[in-house]
Amino acid sequence: MAEEKKEEFIGVEFLSKIPYSWSMGPYSGSLFTEMKENKKIWGIRCPKCKKLLFPPEAMCGYCFTEVKDNWEEIGDEGTVVQFTKAGMPIFDIRKGTFAFSERPLANIQFDKGPYIMHWLEEKDLEKLHLGMRVKAVWREQGRGRGYEDIMYFRAIEEKK
Amino acid sequence: MANRVAIVGVGRSTQAARRPEVNDAEMINEAVRAALADAQIDINKVQAVLTNSIDGFDNFYLGDCLLVDGSGAYMKSGMKFHTGGTVGSTGSIAAFNMVASGMFDIVLTIGHQKQERGNSMGTLCAAAPGELREFVQGAIGAFAQAAVQYMKNTNAKLEHAAMVRLKADKNACRNPYAHLRLGLKSIEDVAKSPTLIWPLRLLDFCPQSCGAAALIVASEKVAKKISKKPVWVADHETVHELQSEVVFGGDEEKSQQVAARRLYKRNGITNPAKDIDCFEVYEPSSWEEMYLYEHFFITEHNTGWKLVEKGVTELDGAIPVNPSGGVLATNAIGATAMLRIGEAALQIRGDAGEHQVTKDVKTTLSSGLGGTNWTTLVLLKRSL
């Protein structure tokens, strides 16, 4: 019996790095400085529609008002509104490779309203639930990494 | 719209995980030739060509320039769109507007993506705003989080997601242009697939596909002359959202509800479950399909899973959703939202073949969905 001929494709590999930098602007820049120096999270209150904007920016995306320096501290406690944990390797943008992520990822709503996406300390999915109260655990050394100045959010006592 | 517009040709290429036997131009050419044949015109009749895809997802850029050989755009007018997951519908809506304006009589629009190449998850993470990018786990992370929330807010269980997936596969098996045709027999077959990112199993999320779609869009004058079964574009709508951490799911009103409400109001649709005969929606996960039933007001808030349980949205059900097999079966991203429109047009014509729905289809709704959750809707009708 004649052997079936297997189709062959010639592949030529190109490997290139595409480095770039991202400007945060003066408002989110100030947020990151405050996180780095004082472990504090700030937003900006829109003077017109009164929404608390986070991350802070020069304009309100909802009503298009220029916000000026209407700063307001947000605090670092909140409630988990969504979470998940990857069982597959996820692309790590810092390293440019796929890796298993150690911690569950969550959407956390700060008590003043805005949301932040961040890691949870508790790795056991069975011990997590929507509505659980959490607080930021700050990096003691080597801050100046934006949101990663917070290591993760830790479960705290539920509100009565 | 200023002038009436019709879809007079629908084309699809072979859709598969890998298409190493053709290059990008050859792949889109399959869809273009199919659309021209369907419209019974040749490329010389086409006045403008639009090419649409997500730059970077497949390490391919400048499709408007580099695909002229396959698209047929040589020495013709046209442009390129790049909007994220919605791009296939945005490129279609642009074609509708170009014809509605009176500037063009026949426009060809093409959606394409060849995902055997590149790293779409990496590109998506890199596309997120700087402060967020280390917390973005591709699109799948956002849909997984929304699924967890859906389970909490409703009585939906993993079995309901499996029912949605089973429906998608049953329909895809009837569609020769679907990528995944798995022949799943039961929800246990879905349950067997490994968890990618809790609670999404491999089969609960859309695949990465290579493929293209094309539509021929014509003015009323031309459509009536060349087509026996023109499908009329009754209306369309696009709604943007702000970048938010809670992209999908959530308790706040989303772009889907805003878009649907506006479109329904303009077109006198008071009961979408009755006024619209068939839906082709952009459902990246089986859970998102249940969300969309609610967001498009087919059923009440937090009751989407009940439609699945009752089989209402099956191909032979009262409200068929995604008779083509949908995004869960086929997802060459740049083509995906255009396929929703093309498949809906075929349902209205009665030309969907094996996956033609049982009931008579006079009105359809197609949706597109893209990052930061913005929504496109296209309402098609057999007659205006």
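Okay, let me start with a pair of strands in chain A: strand β1 (residues 42-45) and β3 of chain A run antiparallel and are joined by three bridges. Helices here are DSSP runs of H or I with at least four residues, strands are E runs of at least two, and both are numbered from the N terminus. Across that pair, A:Ile44 sits opposite A:Trp71 of β3(A).

Before I go on, some housekeeping. This is a predicted model, where local features need pLDDT of at least 70 and side-chain atom pairs count only at pLDDT 80 or more, while totals for chains, interfaces and linings use all residues. Residues are numbered from 1 along each chain as its sequence is written, with chains lettered from A and ligands numbered from 1 in the order in which they are written.

On confidence, meaning pLDDT, the predictor's confidence in each residue from 0 to 100: chain A has a mean of 91, and 98% of its residues reach 70 or more. Among the elements of chain A, the lowest mean pLDDT, 83, belongs to strand β5 (residues 90-92), and the highest, 98, to strand β9 (residues 133-138).

Back to the strands. β1(A) is part of an open, antiparallel sheet of three strands in the order β2-β1-β3. By pairing I mean that DSSP finds at least two bridges between two strands. At the edges are β2 (52-53) and β3 (71-73) of chain A, each pairing on one side only.

Two loops around here are worth a look. In the loop between α1 and β1 of chain A, A:Lys39 has a phi near 50 degrees, a positive value in a residue other than glycine. Then in the loop between β2 and β3 of chain A you find A:Pro55, joined to A:Phe54 by a cis peptide bond with omega about 0 degrees.

Now the other sheet in chain A. It's open too, with five strands in the order β8-β7-β4-β9-β10 and antiparallel pairing. Why is one side of β8 (115-119) and of β10 (150-155) left without a neighbour in the sheet? Both stand at the edges with a single partner strand each, so there's nothing in the sheet on the other side. On average, neighbouring strands of this sheet are turned by 45 degrees against each other, direction ignored. For angles generally, axes are lines fitted to C-alpha atoms, for helices over the stretch in contact, and the angle runs from 0 to 180 degrees between N-to-C directions. At one end of the sheet order, five bridges join β9(A) to β10(A), again antiparallel, and A:Val134 has A:Ala155 in β10(A) as its bridge partner.

As for domains, chain A splits into domain 1 (24-74) and domain 2 (76-160), with bounds that come from an automatic or database domain assignment. Their C-alpha centres lie 21 Å apart. Nine residues of domain 1 and ten of domain 2 make the contact, where contact means C-beta atoms, placed from the backbone, within 7 Å. On the domain 1 side, helix α1 (residues 25-38) of chain A gives the largest share, three residues.

So how many residues of chain B are in contact with chain A? The count is 30 from chain B, against 29 from chain A. On the chain B side, α5 (120-127), α6 (138-153) and β5 (195-197) each supply at least two residues, and the largest share, eight residues, comes from α6(B). That side of chain B divides into 14 nonpolar, eleven polar and five charged residues; nonpolar is Ala, Val, Leu, Ile, Met, Phe, Trp, Tyr, Cys and Pro, charged is Asp, Glu, Lys and Arg, and the others, Gly among them, are polar. Here's how the five-stranded sheet comes in: α6(B) lies across β4 (77-84) and β7 (105-110) of chain A, at about 105 degrees to β4(A).

Chain B also has a cis peptide bond, between B:Trp198 and B:Pro199, with omega about 0 degrees. B:Pro199 is in the loop between β5 and β6 (200-201) of chain B.

Last, helix packing inside chain B. Helix α4 (residues 87-100) and helix α15 (residues 333-349) pack at about 55 degrees, their axes 5 Å apart. That makes α4(B) oblique to α15(B); under 35 degrees counts as roughly parallel, over 145 as roughly antiparallel, 65 to 115 as roughly perpendicular and the rest as oblique. Among the residues in that contact are B:Gly88 and B:Gly91 of α4(B), and B:Gly334 and B:Ala335 of α15(B).

For α7 (residues 158-172) and α12 (residues 286-295) of chain B, the angle is about 90 degrees and the axes are 8 Å apart. Those two are therefore roughly perpendicular. From α7(B), B:His160, B:Ala161, B:Val164 and B:Arg165 meet B:Ser286, B:Trp287, B:Glu289 and B:Met290 of α12(B).

Notes
Two residues are in contact if their C-beta atoms, placed from the backbone, lie within 7 Å.
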